[in-house]
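Reader: I would like a close look at a single part of this protein, with the terms spelled out as they come up. Please take me from that part to its wider setting.

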Amino acid sequence: MFVTLDIVDVPDEIGNSDFSKTIFDSHSPKLTRGLMHYIIEAMAEENAITLRKRPVTGRENAFYFEERNDSVFKSKENKLDLVILDFEEFYRTELLEAYFGMVFDAIMGAAKLIRVGGALVLKIHNLGELISDREVLLAVETQINQINTALNKSGVAYLDSQSEVEMPKVDMKPPKEQLEYAYSLICNATGRPMSFINGQMVGSLNSTGEGDQKQNRLASIRDFNEVLRGIFESVFGADFIIKPDIGQLTEISNFLNSIEMSSLFDETEKRKMVESVLPIADFGINRKG
């Protein structure tokens, strides 16, 4: 959900500072939970939370929140300050909980294999015959312990010419396949690309990753429209929209050139068309005149 915030165009009347103050946690002078904390908590627990909105001192459009129970509804004067987050039927949480459980199990299995791979296997010639004789069993165990201690300390160990020390070979392919399968299920549930879910970088310097970027943006647009937009507009009392896709600068450049060369529109009309695809104000460009 935090990634989705990157595409949110904060209204000018709200301002980025007040928006951030409301959305994110604050740790000074004391911990104050931001709106995103309550949203994610309600989504994770699939429940409904009632928050009372309080203004931040010295800020015009920044708020903090207090959890309330249903008894608040009995007081009509407080209703305008209430924000209700209802995720009781947000079934995507159940899917993601199951899928991330699979990821955890695969990682735990891989960790066990890694520990096994770091062990030492000491193959002693005729060990079966030696330990069958009780009289020499203690001497054999003492020798094994001494060899193990020496090997762990990178010291000197003495072995029979037909004995050997080796590390066990482990097959990491199964847990890797389990992880990839779990990640694919998470991709299906969230709409995010695989490179985003598993945290991998673009594999090639010649690859721009445009496909993954577009897919990730589409997933963010869905999360914004389905989850965040209604909540933000309820809290701030303003309309929220999505920022233009800056990744399409080439297309935008061609569009701007066409507008500039056109004689069909005056300067005001051209300005409006430019602002419809490019957030000029965000770049500190002011209107002339």
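**A close look at the nonpolar core**

Author: Ile 114 counts as exposed because its relative accessibility is 55%, where exposed means over 50%, buried under 20% and partly exposed in between, with a 1.4 Å probe and protein chains only. The model is a predicted one, in which local features need pLDDT of at least 70 and side-chain atom pairs count only at pLDDT 80 or more, while totals for chains, interfaces and linings use all residues. Residues are numbered from 1 along each chain as its sequence is written, and side-chain values use heavy atoms, with hydrogens and water left out.

Ile 114 lies in helix H3, residues 92–117, helices being DSSP runs (H or I) of at least four residues and strands runs (E) of at least two, numbered from the N terminus.

Turning to the interior, the largest nonpolar core holds 30 residues, and Phe 19, Leu 35, Ile 39, Leu 85, Phe 87, Phe 232 and Phe 236 have the most contacts inside it; such a core is a set of buried Ala, Val, Leu, Ile, Met, Phe, Trp, Tyr and Cys residues joined through side-chain atoms within 4.5 Å. Among the elements giving two or more residues to this core are helix H1 (16–23), helix H2 (35–45) and strand E2 (48–55), and H8 gives the most, with seven residues. Leaving aside residues up to four places away in sequence, Leu 35 touches Thr 22, Ile 23, Leu 51, Phe 65, Ile 231, Phe 232 and Val 235, a contact being heavy atoms within 4.5 Å. A second, separate core has 12 residues, including Leu 96 and Ile 186.
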